[in-house]
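Take a moment to turn the model around before reading on. Let's walk through it together, from its empty spaces to its packed interior and a few odd spots in the backbone.

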Amino acid sequence: MNLLPVEIKVNIEGDVGAALSALDGSHSSVTTRRIWFAEDVDGVTEGRLPLLDGGVIVRFRIGGGPDDLTVKLRPCTQEQLVGRFSAPFDVEPVTYKIEEDWSGSRRMLAASLVHDHPPGALSDAVAPGADPAKPIDAVQDQFLHACAPTVQFGGLVALGPILSTKVDDVALDDLEVDLEVWSAAGLDLLEASIRVKPKDGDDAEELTARAERKQRKLEDAVRGLGVALSEHPDSKTHRFLIALAEARRG
């Protein structure tokens, strides 16, 4: 496998509105969307998250442009990514990405298959009582069966909505940073992220060293504006799925 892009994230909690204002000094344009995640309905009823625990994420994003349905493996291994899924591809309306995902000291491989849909096309799939598995297409189904064959799919339920407020390409020092606030079930988090792409002539050591420098620079730039980083060990997705599942159980 060739060298992979690195997505670097930091999470911020507390007064996320104030943090967003501090980081987005230029008042960039905002995109608002609603996000749902599909999980095993029996598992949620029993207080478990079987898909997430198996490294499978099924995400719906609606609003702010085209809808999209993403099926992601995170964490995964290169050995899992077999056949056509061993390398990225982009065949409209489907995009397949493989990248490193860094947050604090956590580093993992992630592979995601995104299918774009017309605006509003996925709304019925996340409505109460609907089957959120219905719009999973043949390529996404093949991806799951080929690369995550041990994860069992029974009936699914959509957990959400999460309100997402996103601002892209915010200038922090010499970095271009994407900012995204998630709000749902009494939980508010702000994520700041950058992507580090391989350059011609890079080897793995050079790419890793550059990504580590960028990670330190991102963390320092956020702290330099008086914004504290979250020390919670779990990912944003994990924390929101737990909160949404608890809210569903009442």
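What follows is a short tour of this predicted model.

Let's start with the gaps. Rolling a probe the size of a water molecule over the atoms shows where empty space is left. How many cavities of 30 Å³ or more does the structure hold? There is one, and the space inside this largest cavity comes to about 30 Å³. Around it you'll find K72, K97, E99, A110, A111 and S112. Two strands, β6 (94-103) and β7 (106-117), each give at least two residues to that lining, and β7 has the largest share with three. Sort the lining residues by class and you get three charged, two nonpolar and one polar.

Now for the pockets. The largest one holds about 1,000 Å³ of space. Its lining takes in 46 residues, and those nearest the centre are E7, K9, R59, K72 and R74. You've met K72 already, as part of the lining of the largest cavity. What classes of residue make up the lining of this largest pocket? It has 21 charged residues, 13 polar ones and 12 nonpolar ones.

The second largest pocket has about 270 Å³ of space. It is lined by 13 residues, with E176, I194, R195, V196 and K214 closest to the centre. Strands β9 (175-184) and β10 (187-196) and helix α5 (204-224) are the elements that each give two or more residues to this lining. Of these, β10 has the largest share, four residues. By class, the lining of the second largest pocket counts nine charged residues, three nonpolar and one polar.

Next, look at where the nonpolar side chains gather. The largest nonpolar core has 32 residues, and the members that touch the most others are V56, V58, F60, L73, L81, Y96 and F143. Plenty of elements chip in: β2 (31-40), β3 (56-62), β4 (67-76), β6, β7, α4 (138-147) and β8 (156-172) each supply at least two residues of this core. Try picking out F143 and looking at what surrounds it. Setting aside neighbours within four places in sequence, F143 is in contact with V71, L73, L81, F85, Y96, A111, L113 and A148. A111 in that list also helps line the largest cavity. There is a second, separate core too, with 27 residues, including W102, V177, L179 and L207.

On to a helix, α6, which covers residues 236-249. Does its length come out as expected, or not? With 14 residues at 1.5 Å a residue, α6 should span 20 Å, and its end C-alpha atoms are indeed 20 Å apart, so the two agree. An α-helix has 3.6 residues a turn, so residues three or four places apart point the same way. Keep that in mind as you find the buried residues of α6, which are K236, T237, R239, F240, L241, A243, L244 and A245. Just past the end of α6 comes G250, with a positive phi of about 80°.

Step back along the chain and you reach S235, in the loop between α5 and α6. Which residue lies 132 places away from S235 in sequence, yet 8.2 Å away in space, C-alpha to C-alpha? That would be S103. Leaving out its neighbours within four places in sequence, S235 is in contact with R74 and R106. R74 is a residue we passed earlier, among those nearest the centre of the largest pocket.

R74 also takes us to the backbone's odd spots. Most residues other than glycine have a negative phi, and most peptide bonds are trans. The bond from R74 to P75, though, is cis, with omega near -5°, and P75 sits in strand β4. Another cis peptide bond links G160 and P161, where omega is about 5°; P161 belongs to strand β8. That strand, β8, also contains D169, which is not a glycine and still has a positive phi of about 60°.

One last stop is A185, in the loop between β9 and β10. A185 has a positive phi as well, near 50°, and it isn't a glycine either. Is A185 buried, partly exposed or exposed? Its relative accessible area is 48%, so A185 counts as partly exposed.

Key
Residues numbered from 1 in each chain as written. Predicted model: local features only at pLDDT ≥ 70, side-chain atom pairs only at ≥ 80, totals over all residues. Heavy atoms only, no water. 1 Å grid on protein atoms, 1.4 Å probe; cavity = no way out; pocket = protein on both sides within 12 Å on 5 of 7 lines; lining within 4 Å. Points joined across faces, edges and corners; volume = space filled by probe spheres on them. Nonpolar A, V, L, I, M, F, W, Y, C, P; charged D, E, K, R; others polar. Core = buried A, V, L, I, M, F, W, Y, C linked by side-chain atoms within 4.5 Å. Buried < 20%, exposed > 50% of the residue type's maximum accessible area, 1.4 Å probe, protein only. Contact = heavy atoms within 4.5 Å. Expected span 1.5 Å × (residues − 1).
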